[in-house]
Amino acid sequence: MNFHILTLFPEMVMNGLLTSITGRAVTKGLLSIEAINIRDYAYNKHHSVDDYPYGGGAGMLMQAEPVYQAYESVKKKINKKPRVVYLSPQGATFTQHMAEEFAKEEDLVLLCGHYEGIDERVLEEIVTDYVSIGDYVLTGGELPAMVMVDTISRLVPGVLHNDVSAEFESFQENLLEYPQYSRPEVWHEKKVPEVLLSGHHAKIEKWRREQSVIRTKQRRPDLLQKCNLTEEEKKLVDKM
Ligand code: SAM
């Protein structure tokens, strides 16, 4: 999968994403991540890419043309019209389900705004999806773009050491993940639950599913409404 990030701060996204698991995936050729500097497409001698908003108001706005030309450079390179995500607090909130859907793309363009945002006209022409990472306002779209690349990359086959580890995680089937334990068996007088030491796989699976249901009810009861619970699990939840 190929990520193309349109940004005014290429070093910020590349430094972050070429570290750890995503960095290794790039080295292995499982992913490619490029940052296109929108400032390279500035069309005045000062290389400025922002201007005052018409009608007044606080702050500056990124101009349409440099963003458009940066997008055109990607389109030309990959020889097709790509899906373009504008990271914006006004977008739909990013979810694991959306990440699964984006992971099917071969190329994904992520457009990072800055200042007060971007001239609406270029957004109308190039953006296919508006995505927010939560109901708060950041200074730029770079961190949100990194959040998206990180989340989507984990779903690309081969990126995680063990492909299975991306499967049994929080949000699968609208449940949170069960509690996990590693060595030592006893820590601060707390013992690992007996069933996990039993080697009995069916019992372990049953315990984990039950713990997921309990944890989801405690921490994210909103998710349970979208979850297919068995009659037994419904009773368990009602008792809590
Ligand atoms: N004036 C804009 C508004 O009220 O919608 C906010 C602009 S914000 C200061 C600058 C840039 O940060 C945005 O263009 C967007 O790319 C990014 N950004 C800020 N908060 C975000 C969020 N919650 N999710 C995704 N991107 C965000």
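In what order do the five strands of the open sheet run, and is their pairing parallel or antiparallel? In this predicted model, the order reads β2-β1-β6-β5-β7, and the strands pair in the parallel sense. The edges belong to β2, spanning residues 32–37, and β7, spanning 129–132. Each of these two has just a single partner strand, so one side of each goes without a neighbour in the sheet. Going from one strand to the next, the twist averages 30°.

Further in, β1 (residues 2–7) lines up with β6 (residues 107–112). Five bridges hold this parallel pairing on record. Looking across from β1 to its partner, H4 has V109 of β6 standing opposite.

Then there is the ligand, which sits in the largest pocket of the model. Around the ligand there are 21 residues, and the ones that come nearest are Y86, L87, Q90, Y136 and L138. Two strands of the sheet turn up here again: β5, covering residues 83–93, and β7 each put at least two residues into the shell. The biggest share comes from β5, which gives five residues.

Which atoms of the ligand pair up with polar atoms of Q90, G113 and Y136? For Q90, the side chain does the work, with one of its N or O atoms 2.8 Å from an oxygen atom of the ligand. With G113, the backbone is involved instead: an N or O atom there lies 3.0 Å from a ligand oxygen. Y136 also uses its backbone, where a polar atom is 2.8 Å from a nitrogen atom of the ligand. As for how much of the ligand ends up covered, on its own it has 580 Å² of accessible area, and the protein covers 86% of that.

Away from the ligand, a couple of backbone details in the loops deserve a mention. One is the peptide bond between R183 and P184, which is cis, with omega at about 5°. P184 falls in the loop that runs between α6 (142–153) and β8 (186–187). The other is H47, which has a positive phi of about 60° despite not being a glycine. H47 belongs to the loop between β2, the edge strand, and β3, made up of residues 50–51.

Terms used:
Residues are numbered from 1 along each chain as its sequence is written. This is a predicted model: local features need pLDDT of at least 70, side-chain atom pairs count only at pLDDT 80 or more; totals for chains, interfaces and linings use all residues. Side-chain values use heavy atoms; hydrogens and water are left out. Two strands pair if DSSP finds at least two bridges between them. Helices (H or I, at least four residues) and strands (E, at least two) are DSSP runs, numbered from the N terminus. Axes are lines fitted to C-alpha atoms, for helices over the stretch in contact, and angles run from 0 to 180 degrees between N-to-C directions. A residue is near a molecule or strand if one of its heavy atoms lies within 4 Å of it. A polar contact is a pair of N or O atoms within 3.5 Å; within protein, one must be able to donate a hydrogen and the other to accept it, and residues adjacent in sequence count only if both atoms are side-chain atoms. Accessible areas come from the Shrake-Rupley method with a 1.4 Å probe; for residues, only the protein chains shown count as cover. On a 1 Å grid over the protein atoms alone, a cavity is a set of points where a 1.4 Å probe fits but cannot get out, and a pocket is an open set with protein on both sides within 12 Å along at least five of seven lines; lining residues have an atom within 4 Å of a point. A molecule sits in a cavity or pocket if more than half of its atoms lie within 2 Å of its grid points.
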